[in-house]
Amino acid sequence: AAKWTYSGADGEQHWPKHFPYCGGTFQSPIHITSDLLRFDPTLGPVTLHNYNLPPTEQLTLGNNGHSVQISLPSRMHISSLPHRYSAAQLHFHWGSASRPMGSEHTVNHKQFAGEMHVVHFNSEKYPNMSVAVDKSDGLAVLGVLIEIGEFSPAFDQFLKFINGIKYKGQKVQVPGFNVQDLLPRLDEYYRYDGSLTTPPCYPSVLWTLFRNTVTISRSQFVSLATALFSSHAQDSTPVPLNTNFRKPQEVDSRLVLVSFKE
Ligand SMILES: NS(=O)(=O)c1c(F)c(F)c(S(=O)(=O)CCO)c(N[C@H]2CCc3ccccc32)c1F
Ligand SMILES: [Zn+2]
């Protein structure tokens with residue numbers, strides 16, 4: 001597959017050359033602004049199952065060159081959507097130590113320090129992520145906006161292992177933990193139809209972005225923003241992995257449903 005980056009010759013302006021959907025419609029992220037919002041009383045709290053993973057369960061923490069990801073067991077799932085959506089992985093987007101603004105979605109044009117995505121696939125209709133990834137009802141991603149503030153013990157459950165995955169392709173096993181501890185309250189969120197925010201940018205994602213943020217400490221943020229490289233360990237020139245967020249895309253005629261009243 002063609003290589004892509006967040007800057008330079010393979011940066012996001014060039015993605016459509018090899019990944020045509022990246023130049024298409026229903027793209028993510030977006031600027032979430034008040035004029036787009038429509039309250040939907042049918043939007044109840046997000047309902048999660050098996051998010052509390054026992055420490056006996058080993059999760060794979062990896063550096064895939066674009067983000068830090070944690071692979072998740074498919075018994076973890078969301079039941080409050082039109083179909084059952086099973087978890088596949090979670091990953092992050094962040095800025096840099098010097099410019100700690102790296103969220104993909106913005107709310108009223110405010111960009112946050114970072115953003116976490118928990119990627120799920122429609123396990124009722126498709127056998128796995130790879131089959132679901134390009135289907136219009138294939139994916140559901142939970143988005144969490146991250147701010148710098150109080151230390152997060154939940155975040156540290158994997159962050160403390162990050163120096164074992166400094167380079168692209170490196171993986172370590174980490175003990176299971178309660179992934180729900182990484183999320184804010186589940187009853188207030190934005191909901192819209194969008195896409196993967198990385199190539200191949202398939203418009204296959206039902207987005208749920210929580211209204212409330214979570215915090216990590218500045219030192220936790222700095223270690224996330226400075227520990228990783230997008231290059232392999234043996235590469236002569238190490239390329240720092242940071243600023244891995246796509247800029248907001250055209251909303252066109254899309255509305256954003258909200259589960260809450262101002
Ligand atoms: N912001 S986002 O939620 O759109 C999104 C990413 F931003 C991102 F970086 C990744 S990735 O797998 O870490 C690297 C590039 O695919 C995925 N991974 C998805 C896309 C394809 C795929 C296949 C199997 C497992 C996960 C994914 C992703 F869905
Ligand atoms: Zn993402």
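**Ligand 1 and the two largest pockets**

The largest pocket in this predicted model has a volume of about 540 Å³.

Biologist: Which residues are closest to the centre of that largest pocket?

Modeller: Of the 24 residues lining the largest pocket, Asn64, Gln69, Gln89, His91 and Thr198 are the closest to its centre.

Biologist: And which strands supply at least two residues of the lining?

Modeller: Strand E4 (58-63) does, as do E7 and E10, and among the contributors to the lining of the largest pocket E7 gives the most, with 3 residues.

Biologist: How does that lining divide by class, nonpolar, polar and charged?

Modeller: The lining of the largest pocket has 13 polar residues and 10 nonpolar ones, together with 1 charged residue.

Biologist: OK, on to the ligand. Where does ligand 1 sit?

Modeller: Ligand 1 sits in the largest pocket, and of the 15 residues around the ligand, those that come nearest are Asn64, His93, Leu196, Thr197 and Thr198.

Biologist: Which side chains have an N or O atom by a nitrogen atom of ligand 1?

Modeller: Three histidines can be named here, beginning with His117, whose side chain has an N or O atom 3.2 Å from a nitrogen atom of ligand 1. For His91, an N or O atom of the side chain is 3.4 Å from a nitrogen atom of ligand 1, and for His93 a polar side-chain atom likewise lies 3.4 Å from a ligand nitrogen.

Biologist: How much of ligand 1 does the protein cover?

Modeller: On its own, ligand 1 has 550 Å² of accessible area, and the protein covers 82% of that.

Biologist: Back to the strands, then: which of them supply at least two residues of the shell around ligand 1?

Modeller: Those are strand E7 (85-94) and strand E10 (114-122), and in the shell, too, E7 gives the most, with 3 residues.

Biologist: What about the classes in the shell around ligand 1?

Modeller: By class, the shell has 9 polar residues and 5 nonpolar residues, with 1 charged residue besides.

Biologist: Changing topic, what volume does the second largest pocket have?

Modeller: The volume of the second largest pocket is about 420 Å³, and 18 residues line that pocket, with Trp4, Thr5, Gly65, Ser230 and Val239 lying nearest its centre.

Biologist: How many of the residues in that second lining are charged?

Modeller: In the lining of the second largest pocket 4 residues are charged, while 8 are polar and 6 are nonpolar.

How values were computed
Residues are numbered from 1 along each chain as its sequence is written. Chains are lettered from A and ligands numbered from 1 in the order in which they are written. This is a predicted model: local features need pLDDT of at least 70, side-chain atom pairs count only at pLDDT 80 or more; totals for chains, interfaces and linings use all residues. Side-chain values use heavy atoms; hydrogens and water are left out. A residue is near a molecule or strand if one of its heavy atoms lies within 4 Å of it. A polar contact is a pair of N or O atoms within 3.5 Å; within protein, one must be able to donate a hydrogen and the other to accept it, and residues adjacent in sequence count only if both atoms are side-chain atoms. Accessible areas come from the Shrake-Rupley method with a 1.4 Å probe; for residues, only the protein chains shown count as cover. On a 1 Å grid over the protein atoms alone, a cavity is a set of points where a 1.4 Å probe fits but cannot get out, and a pocket is an open set with protein on both sides within 12 Å along at least five of seven lines; lining residues have an atom within 4 Å of a point. A molecule sits in a cavity or pocket if more than half of its atoms lie within 2 Å of its grid points. Helices (H or I, at least four residues) and strands (E, at least two) are DSSP runs, numbered from the N terminus. Ala, Val, Leu, Ile, Met, Phe, Trp, Tyr, Cys and Pro count as nonpolar, Asp, Glu, Lys and Arg as charged, and the others, Gly among them, as polar. Grid points are joined across faces, edges and corners, and a volume is the space filled by probe spheres set on the points.
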